[in-house]
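Me: I would be grateful for a close look at one part of this protein. Please describe the nonpolar interior and the elements that surround it, in connected prose.

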Amino acid sequence: MTTKRVLLATAALAMAGFATGAQAQAITEIKIGTEGAYPPYNNLNAKKELEGFEIDYMNDLCAKMKVKCTWVVQDWDGIIPALLSKKYDVIVAGMNATPERQKRVDFTDVYTSTPIAMVGAKSITSTDISPAALRGKAIGAQGSTIHMNFLEAYYKNSTIRPYPTQEEANLDLLNGRLDYIVADLEALESFIKDKGKDCCKVIAEVKRDPAIHGPGVGMAIRKEDAALKAMLNKAIAESKADGTLDKHAMKWLGKKAIQ
């Protein structure tokens with residue numbers, strides 16, 4: 001390579017590095033999309049204020065990153081399309097980083113991994129939740145989730161019912177219109193401790209299928225937002241090292257974030 005070409009190549013690399021650095025420095029505000037209907041992860045309380053594990057945790061990360069953060073509440077069914085249309089910059093909503101979702105969006109490092117369970121009436125004595133055992137049973141889950149995908153893949157001989165929110169599935173179980181519901185264990189435990197305390201119990205945990213459930217929960221971002229991903233991953237790593245992540249997990253989930 002000639003001296004002139006070397007100089008041009010060096011200049012190009014320097015400019016690329018400058019552009020990347022400038023892009024990272026330019027991130028001073030982040031809009032965050034969440035569902036606000038999935039306690040204890042994220043929820044709108046009686047005052048219509050967001051609360052939960054992910055709300056406290058992300059607010060803490062925003063302070064670490066020294067950026068202004070604004071929350072946007074979005075129905076689950078449209079949460080990825082709204083990200084892609086730039087309604088917000090990142091999704092923090094108990095979203096598992098599944099291979100199917102990774103076709104459309106990118107994910108940060110995993111910040112929590114939760115067991116999955118089936119809940120049913122207290123009168124159920126069997127812990128067998130195999131497809132054969134639940135043949136003909138009505139099973140509910142929130143639509144467009146890993147839980148609905150799991151039911152559709154394995155419980156073809158059961159009656160599968162999708163719901164816009166987990167709360168609606170919970171209420172149908174409570175009212176006897178479902179035999180079982182499936183969701184993250186912490187979300188179901190929250191239901192059982194509250195509205196479902198007299199009717200329902202955890203029947204059994206669901207074995208995770210990596211192809212459907214993924215490795216755990218991450219923050220979803222657009223594929224082109226590499227600088228934002230790097231900044232979020234740095235903050236997530238720091239929160240794991242300094243105990244911030246587990247502090248919020250213990251408060252809201254009653255256990256460490258990564259199981």
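Reply: What follows describes the interior of this predicted model, together with the helices and strands connected with it.

The largest nonpolar core comprises 46 residues. Within this core, the residues with the most contacts are I30, M58, M65, Y111 and M219. At least two residues each come from the strands β1 (29-34), β8 (116-121) and β11 (180-184), and from the helices α2 (53-65), α5 (166-174), α6, α8 (226-242) and α9 (244-252). The greatest contribution is that of α2, which gives seven residues. In soluble globular proteins, nonpolar side chains tend to be buried together.

M65 shows how such contacts reach across the sequence. Apart from neighbours within four places in sequence, M65 is in contact with I30, M58, M231, L232 and A235. A second core, separate from the largest one, has 18 residues, including M118, I129, I139 and Y155.

Two packed helices are described by the angle between their axes and the distance between the axes. For α2 and α9, the axes come within 9 Å and cross at roughly 160°. Because angles over 145 degrees count as roughly antiparallel, α2 is roughly antiparallel to α9. The crossing of these two helices, α2 and α9, is right-handed. On the α2 side, the residues that meet α9 are F53, D56, Y57, D60 and K64. Their counterparts in α9 are T244, L245, K247, H248, A249, K251 and W252.

Strand β1, another contributor to the largest core, is paired with two further strands. With β5 (residues 68-73), β1 runs parallel and is joined by six bridges; in that pairing, T34 has V73 as its bridge partner. With β6 (residues 90-91), β1 also runs parallel, joined by two bridges, and here G33 stands opposite I91.

Helix α6, which likewise supplies at least two residues of the largest core, spans residues 185-193 and contains E186. This glutamate has a relative accessible area of 3%. Since buried means under 20% relative accessible area, E186 counts as buried. Leaving aside neighbours within four places in sequence, the residues in contact with E186 are P40, Y41, T114, P115, L253 and K255.

Terms used: Residues numbered from 1 in each chain as written. Predicted model: local features only at pLDDT ≥ 70, side-chain atom pairs only at ≥ 80, totals over all residues. Heavy atoms only, no water. Helix = DSSP H or I, 4+ residues; strand = E, 2+ residues; numbered from the N terminus. Buried < 20%, exposed > 50% of the residue type's maximum accessible area, 1.4 Å probe, protein only. Contact = heavy atoms within 4.5 Å. Core = buried A, V, L, I, M, F, W, Y, C linked by side-chain atoms within 4.5 Å. Pairing = 2+ DSSP bridges. Axes fitted to C-alpha atoms, helices over the stretch in contact; angles between N-to-C directions. Parallel < 35°, antiparallel > 145°, perpendicular 65-115°, else oblique. Left-handed = near helix turned anticlockwise from the far one by under 90°.
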